[in-house]
Amino acid sequence: LTFKVLMPSLLGTYSGSAFYIGNSELVTNQHVVGTRNYVTIVQSGKQYPATVIRTDSSRDLALVRTSTPLLIDDAPSFGEVDDDITGAKVGVTGFPSGLGSTASVTFGVVSRVFVENLVEQLQTDAAVSPGSSGGPLFDACGKVVGVITSKLTGANIEGIGFAVSSDELTEFLAETTSMGLR
């Protein structure tokens, strides 16, 4: 259910990740799509043009839709996030830059749940790499609990990745529906 997102630029093509949520719609990050109206979604060597439906920079979320049906049977369900999720095992699926066109999966735990700039976020020690942005953070039952947004980097920093919570994603999608965009 995870796709690579390709964006051409003057310096070449760069990529991020996105995941399918049903009805030819995918979620990624606003910083992945930037100000573009269109991106290319790739999975298993097949490319699909996609339209950026809505972005939210405060949550770093974006909704994109393909005009081509993706023929995927199941969309993931979303898990609710509360403080009890701290310590829970989670996985990250995405397309780390420079590692080709096959998605990778890493595992870790939720280190903490916190609110920054009025946005609920999760910290994880699951490996997050450039290109993984926009991929899902999922729990042991396969429910999406977050959307990967970033990681801390530095000589003395290891294993500190971040995701906007699935609660924020659910609210973003409800707002998008109420705007008549879904």
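1. The largest nonpolar core of this predicted model has 16 residues, and those with the most contacts inside it are F3, V5, L26, V39, I41 and V64. The elements that give two or more residues to this core are strands β1 (2–9), β2 (12–22), β4 (38–43), β5 (46–56) and β6, together with the helix α1 (30–33). Apart from this core lies another, of 13 residues, with V81, I85, V113 and A126 among its members. As general background, nonpolar side chains in soluble globular proteins tend to be buried together.

2. I41, one of the residues with the most contacts inside the largest core, is a useful place from which to inspect the packing. Leaving aside neighbours within four places in sequence, I41 is in contact with F3, K4, V5, L26, V64 and T66, and also with K46, Q47, Y48 and A50. Of these partners, F3, V5, L26 and V64 are themselves listed among the residues with the most contacts inside the core.

3. L70 deserves a separate look, since its place is in the loop between β6 (61–66) and β7 (89–94). Is L70 buried or exposed? L70 has a relative accessible area of 9% and counts as buried, because the cut-off for that class is under 20%. Beyond its neighbours within four places in sequence, L70 is in contact with F3, Y20, S24, L26 and Y48. The C-alpha atoms of L70 and E25 are 9.1 Å apart in space, although the two residues are 45 residues apart in sequence.

4. I21, found in strand β2, is likewise buried, with a relative accessible area of 12%. Which residues does I21 touch, not counting those up to four places away in sequence? The list comprises L26, V27, L63, A75, P76, F78, L173 and R182. With T177, which is 156 residues apart from I21 along the chain, the C-alpha separation is 14 Å.

5. Two residues in the loop between β8 (104–116) and β9 (119–124) call for a check of the backbone, beginning with N117. Phi of N117 is near 55 degrees, a positive value in a residue other than glycine, and L118, found in the loop between β8 and β9 as well, has a positive phi of about 65 degrees although it is not a glycine. For context, most residues other than glycine have a negative phi. As to accessibility, N117 is exposed, with a relative accessible area of 69%, and L118 is exposed too, with a value of 79%.

6. The two loop residues S57 and L152 can be considered together through F162, to which a C-alpha distance is available for each. S57 lies in the loop between β5 and β6 and, at 61% relative accessibility, counts as exposed; S57 and F162 are 105 residues apart in sequence and 15 Å apart in space, C-alpha to C-alpha. L152 has its place in the loop between β11 (144–151) and β12 (161–165), where it counts as partly exposed at 41% relative accessibility. The C-alpha atoms of L152 and F162 are 8.4 Å apart, with their positions 10 residues apart in sequence, and L152 touches F162 as well as I157 and I160, not counting residues up to four places away in sequence.

7. The overall fold can now be set around these local points. There are 12 strands and 2 helices in the protein, and read along the sequence they follow the pattern β-β-β-α-β-β-β-β-β-β-β-β-β-α. Of the contacts with a separation of 6 or more, 57% are accounted for by residues 24 or more positions apart.

8. On overall dimensions, the radius of gyration of the protein is 15 Å, which agrees with the value near 16 Å that a compact globule of 182 residues would have. Along its principal axes the C-alpha trace spans about 40 × 40 × 30 Å, and 48% of the 182 residues count as buried.

9. Finally, some surface and charge totals are worth recording. The accessible surface of the protein comes to about 9,100 Å², and 51% of this area belongs to carbon and sulfur atoms. The protein has 11 positive and 18 negative charges, and the mean positions of these two groups are 10 Å apart.

Methods
Residues are numbered from 1 along each chain as its sequence is written. This is a predicted model: local features need pLDDT of at least 70, side-chain atom pairs count only at pLDDT 80 or more; totals for chains, interfaces and linings use all residues. Side-chain values use heavy atoms; hydrogens and water are left out. Helices (H or I, at least four residues) and strands (E, at least two) are DSSP runs, numbered from the N terminus. The radius of gyration is taken over C-alpha atoms; the globule rule is 2.2 Å times the number of residues to the power 0.38. Buried means under 20% relative accessible area, exposed over 50%, partly exposed in between (1.4 Å probe, protein chains only). Contact means heavy atoms within 4.5 Å. Accessible areas come from the Shrake-Rupley method with a 1.4 Å probe; for residues, only the protein chains shown count as cover. Lys and Arg count as positive and Asp and Glu as negative; His and the chain ends are not counted. The place of a charge is taken as NZ of Lys, CZ of Arg, CG of Asp or CD of Glu. A nonpolar core is a set of buried Ala, Val, Leu, Ile, Met, Phe, Trp, Tyr and Cys residues joined through side-chain atoms within 4.5 Å.
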